[in-house]
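Work through the exercises below with the model open. Try each task before reading its solution.

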Amino acid sequence: MRSVTNEKTNIRVSITRRVALGCAVLLLVLAAAVAVSLSVGAESVSIAESARVISSHIGLGSPGSVDPLHDTIIWNIRVPRIILAVIVGILLASSGVALQGLLLNPLADPYTVGVSSGASLGAAIAFVFGLGGWFYGFGVPVVAFVFAIAAMMVVYSIARFSGRVSIHSFLLSGIVVGSFLWALLTFVMTLAGQESSRIIFWLLGSFQAPYAADPWSYVTMTLPFAVIGLAALYALARDLNVFALGEETARHLGIETESLKLLVIVVTSLVTAAAVSVSGIIGFVGLVVPHICRRVFGADHRVLLPTAAISGAILLVLADTIARALGELPVGVVTAMLGAPFFLYLLRRQS
């Protein structure tokens, strides 16, 4: 009995060490990416000057020693934009890990369940009908969020039969509902007129937050979803490990599989909806990042979830930096250009 207890303790210690080491390395990479991102843009600002600006705002430096122009650029534009990229990267990558673990499909990603198409339709409707001024100027993200959650509820209702949700039916329902909503989006865009350019810009993904009077407001809107969502998914990590053995096996081992499905679907849909509503469609983060982290850190969700979350943040900070360096390209275009070839390489190597 004592040997079994000691073995369990050793396993927990090993997992804790792997999480701590992996996260520490990734956080250092993220810090370097943030430092570079702060200095890149139409107005070049040195890393030292960026550090002085941030220090002055958090009470570690004197505001009088900072250039007012650099203060505005760094604190009011780049810092909230970078933090938003970090948050969205965390949300999309962690959702991708959880959905791939639940659906037992390595090609699943946060957009599979129809959330992105619902959010896109909601944003397009908000643009066409001039709802951007609603909800204290947050009409576009709020309407997009509501439509995203509604799409998830439709998909879940279709896939649920006799009190159970088949993961295969759920995946297919998400694809079908998503395709139908994209068709509706195309119809709305034909009615958009001059607003069609704004809709296309939103669909391609960006962290500029052009529809918010205060760029920090988008950060405060999404930060709770990142904290609560990641904590909730990490609490389900052990159950996802067991579920990976197969649904029947998990049920025999005492896992409430239907409750697990519902919790994972609800949490991932909420955090994905929050991400899409403020940044638009940014693809390949929830698809490629879990693959990379699974190869590097293993398939244990207790290790995979936090490392993938930080890796997603790194990817989007770097993608946003590249987008700014190339003249404000949409971030979704950059992630697609980086993610698609790399994912094809992974598939080729695996086959």
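Three exercises follow, on a helix, a surface patch and a loop residue.

This is a predicted model, where local features need pLDDT of at least 70, side-chain atom pairs count only at pLDDT 80 or more, and totals for chains, interfaces and linings use all residues. Residues are numbered from 1 along each chain as its sequence is written, and side-chain values use heavy atoms, with hydrogens and water left out.

**Exercise 1.** Find the buried residues of helix α2 and explain where they sit around the axis.

Solution. Locate α2 at residues 47-57. Helices are DSSP runs (H or I, at least four residues), numbered from the N terminus. Next, pick out Glu49, Ser50, Val53 and Ser56, which are buried (under 20% relative accessible area, 1.4 Å probe, protein chains only; exposed is over 50%, partly exposed in between). Recall that an α-helix has 3.6 residues a turn, so residues three or four places apart point the same way. The four buried residues cover an arc of only 130 degrees, so they lie on the same side of α2. That arc is taken from the directions from the helix axis to the C-beta atoms. Finally, step just past α2: Gly59 has a positive phi of about 85 degrees.

**Exercise 2.** Decide whether Ile292 is buried, partly exposed or exposed.

Solution. Start with its place: Ile292 lies in helix α13. Then read its relative accessible area, 33%. Ile292 is therefore partly exposed.

**Exercise 3.** Place Leu326 and classify its exposure.

Solution. Look in the loop between α14 (301-325) and α15. Leu326 has 56% relative accessibility, so Leu326 counts as exposed. Now compare Leu326 with Tyr156: they are 170 residues apart in sequence and 41 Å apart in space, C-alpha to C-alpha.

Conventions: Helix = DSSP H or I, 4+ residues; strand = E, 2+ residues; numbered from the N terminus.
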